[in-house]
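These are my notes from a first look through a structure that was new to me. I wrote down what I looked up, in the order I looked.

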Amino acid sequence: MAETESPTETKPAPSGWLNVAVDYGPLIVFLAVYRYNAPAEPNAASELLAIIYGTGAFMVAAVAALLFSKFRLGKVSPMLWLSTALIVGFGALTIFFGDPVFVQLKPTIIYSFFGVALLAGFFTGRALLKILLEAAFEGLTEEGWLKLSRNWGVFFLALAALNEGLRTYMDFEGWLWAKLWVFLPLTFLFTFTQLPMLLKHGLDVGQNEDGEEGSKSE
């Protein structure tokens with residue numbers, strides 16, 4: 001009798017693009033709503049109104065992304081929980097006080113929090129990043145996880161400093177565009193730079209499975 005595969009064995013893994021959409025979809029909604037309502041001519045009152053509309057849409061989209069992650073991808077990462085809580089909390093402060101600085105501070109806070117947490121874990125011998133990304137880096141050794149946690153910790157702190165610099169020296173729209181065209185490419189580029197280290201420390205990219213299938217076919 002032929003063996004039958006269980007549904008859990010054949011279920012495809014969630015697409016990486018879905019994870020990207022969950023992370024950056026709310027930001028794109030924010031930018032789109034803000035640009036739609038932004039005044040054609042400089043006008044402080046209309047500019048603030050556009051920011052408030054964009055912030056409200058940002059909050060709704062963030063909650064929707066969290067629910068999508070929960071019911072479509074089957075889990076919500078600690079980073080997404082914290083990010084959504086900060087978006088809603090600081091977004092509410094932005095709307096209540098009519099000051100965009102609150103929503104601009106959210107990335108600084110979340111990057112600083114994870115940067116400090118990952119580096120603290122590294123210096124105490126605990127790879128905290130393993131809790132978040134184990135499914136994505138199967139086979140990685142404990143030393144590899146520690147190095148990855150250290151590297152991401154430093155990178156997060158660098159992003160926090162960059163966000164503060166952009167927030168200080170750019171107008172709101174420039175800062176918002178930078179979130180899409182600076183932070184996103186930098187994150188992808190940094191992720192790719194980690195691949196050689198990950199492979200050196202045991203990252204499983206399917207060679208074992210290919211080898212087993214090849215030996216079975218001989």
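Which residues do ring pairs link into a cluster? I found Tyr111, Phe113, Phe114, Trp152, Phe155, Phe156, Phe183 and Phe190. I note here that the model is a predicted one.

**Entry: overall make-up**

I looked up the secondary structure and found ten helices and zero strands. Written along the sequence, the pattern reads α-α-α-α-α-α-α-α-α-α. Of the 218 residues in the protein, 36% are buried. I also checked how far along the chain the contacts reach: among those between residues at least 6 apart in sequence, 68% join residues at least 24 apart.

**Entry: nonpolar cores**

I turned to the largest nonpolar core and found that it has 43 residues. Leu148, Trp152, Phe172 and Leu176 have the most contacts inside this core. I then asked which helices supply at least two residues of this core each. They are helix 2 (16-37), helix 3 (44-73), helix 4 (78-97), helix 5 (101-123), helix 7 (142-169), helix 8 (172-193) and helix 9 (195-200). Helix 7 gives the largest share, nine residues.

I followed Trp152 further, leaving aside residues up to four places away in sequence. Trp152 touches Leu118, Leu129, Thr187, Phe190 and Thr191. There is also a second core, separate and of six residues, with Leu66, Leu73, Val76 and Leu80 among them.

**Entry: aromatic pairs**

How many aromatic pairs does the structure hold? I noted 15. One of the entries I opened was Phe30 with Phe58, a stacked pair at 4.8 Å centre to centre with 25 degrees between the planes. Phe30 is in helix 2 and Phe58 in helix 3, so this pair ties together parts 28 residues apart in sequence. I checked burial as well: Phe30 and Phe58 are both buried.

I next opened Phe113 and Phe114. Their ring centres are 5.3 Å apart and their planes stand at 90 degrees, so I put the pair down as edge-to-face. Is each of these two buried or partly exposed? Phe113 has a relative accessible area of 49%, so it is partly exposed. Phe114 has 8%, so it is buried.

One charge also turned up beside a ring of the cluster. The charged end of Lys179 sits over the ring of Phe183, 4.4 Å from the ring centre.

**Entry: helix 5 and helix 8**

I looked up how helix 5 and helix 8 lie to each other. Their axes come within 10 Å and cross at roughly 35 degrees. On the helix 5 side I listed Val103, Gln104, Pro107 and Tyr111; these meet Phe172, Trp175, Lys179 and Phe183 in helix 8. By kind, the residues of this contact are six nonpolar, one polar and one charged. Lys179 and Phe183, already noted for the charge over the ring, both belong to the helix 8 side.

**Entry: Leu48**

Last, I picked out Leu48, which is in helix 3. Its relative accessibility is 28%, so I entered Leu48 as partly exposed. What does Leu48 touch, not counting residues up to four places away in sequence? I found Gly98 and Pro100. I also checked Leu48 against Ala38, ten residues apart along the chain, and their C-alpha atoms are separated by 8.7 Å.

Key: Residues numbered from 1 in each chain as written. Predicted model: local features only at pLDDT ≥ 70, side-chain atom pairs only at ≥ 80, totals over all residues. Heavy atoms only, no water. Core = buried A, V, L, I, M, F, W, Y, C linked by side-chain atoms within 4.5 Å. Buried < 20%, exposed > 50% of the residue type's maximum accessible area, 1.4 Å probe, protein only. Helix = DSSP H or I, 4+ residues; strand = E, 2+ residues; numbered from the N terminus. Contact = heavy atoms within 4.5 Å. Phe/Tyr/Trp six-rings, centres within 6.5 Å; stacked < 30°, edge-to-face > 60°. Lys NZ or Arg CZ within 6 Å of the ring centre and 35° of its normal. Axes fitted to C-alpha atoms, helices over the stretch in contact; angles between N-to-C directions. Nonpolar A, V, L, I, M, F, W, Y, C, P; charged D, E, K, R; others polar.
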